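User: I am new to this structure. Please show me how to read its sheet and its helix packing.

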Amino acid sequence: MVFNPEKFTGQAIADIKKTIGNAKTITALSGGVDSFVAATLAAKSIPGQLTAIYVNTGLMRKGETEQVQKTAKSVGVPLTVIEAREKFFAALKGADDPEKKRKIIGELFVRIFEEEAKKHGVTYLIQGTIAPDWIESGGLGRDTIKSHHNVGGLPEKMHLKLCEPLRELYKHEVRMVARHLGLPDSIAERQPFPGPALAIRIVGEVTPEKVEIVREACAIVEEELEAAAKSKKMEMPWQYFAALLPTKTVGVRGDERAYQYVVVVRAVRSLDGMTANFSHVPHEVLERISTRITNEIRSVGRVVYDITNKPPSTVEME
Ligand code: XMP
């Protein structure tokens, strides 16, 4: 049967109303399409009963917090932004093991979210869990490759009742619902972005300086690849970003020796992130990216392109 977003929306609103009744409800808005669709459906179903929380971890992409605020306003989602940049950087100081970093971020997120839930006296948690989420995170007896962080651990720890209106949907269906709800293309078509955000695109210890480098580099990669795909120079990758290595290499700036960071550009084709092939980005596009990164980010002296598929690699660096 063909998926009908209008019919789904009507049904989901009726179901949320029936499940939640008059109870106060909270949701975590990450800015991704799943959490935005879940929050928008909830805002329509139980107006006045919903609090949507966006935690600014300091690890988000360029302009992301502002875009989330603007979009939430446009679709009537009541948003509370929690500024937690300092807390995240303090907690991550000295941590260079990937799983440890993920754990620190996940736990701090839960703690902050929990405080907010207590303040608002909520009973329900709305989550944008979709079908592949519970299949991948150890569902169906699979091995956990990386402990994925979204807000998956929240309900058990917080004793909140859970409402997951998108549980049966696949990503392309969520995108259809997003468009039906009037969410802009920048959200409806948004590429996947991991819960631990830019922290897992910095190999090793996370510092404010490194986040700044990777944030700028990611913005350049996004701009250039989107422009190249729009002008039909290449197919749009499924996911595309920059990452920062913990090593410096030697280069030249002007006439002087320089010792600077290495940025990795990653772009992959995939259906669901479970397997992926690196995108065949034209060399002229890679050259533009490399020139822009080294010109615009003065602490980067070398740019490399990742030509590994998943497996044996993964999409993200950590
Ligand atoms: P990997 O690196 O595991 O990534 O090959 C596969 C897809 O999952 C995303 N990813 C995450 N998403 N929480 C998320 O919500 C996470 O902790 C996480 N880690 C990786 C990654 O961006 C890619 O799309």
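Analyst: The sheet comes first, then a pair of helices. This is a predicted model, in which local features need pLDDT of at least 70, side-chain atom pairs count only at pLDDT 80 or more, and totals for chains, interfaces and linings use all residues. Residues are numbered from 1 along each chain as its sequence is written, and side-chain values use heavy atoms, with hydrogens and water left out.

User: What is the strand order of the open sheet?

Analyst: Strands of a sheet pair through backbone hydrogen bonds, either parallel or antiparallel. Here five strands follow the order β3-β2-β1-β4-β5, with parallel pairing. Strands (E, at least two residues) and helices (H or I, at least four) are DSSP runs, numbered from the N terminus; two strands pair if DSSP finds at least two bridges between them.

User: Which strands stand at the edges?

Analyst: β3 (79-83) and β5 (161-163) do; each has a single partner strand, so one side of each lacks a neighbour in the sheet. Three bridges join β5 to β4 (residues 124-126), and Tyr124 has Lys161 as its bridge partner in β5.

User: How do α10 and α11 pack?

Analyst: Two packed helices are described by the angle between their axes and the distance between the axes. For α10 (residues 208-230) and α11 (residues 283-296), the angle is about 150 degrees and the axes are 10 Å apart. Axes are lines fitted to C-alpha atoms, for helices over the stretch in contact (heavy atoms within 4.5 Å), and angles run from 0 to 180 degrees between N-to-C directions. The pair is therefore roughly antiparallel (over 145 degrees).

Terms used: Angles under 35 degrees count as roughly parallel, over 145 as roughly antiparallel, 65 to 115 as roughly perpendicular and the rest as oblique.
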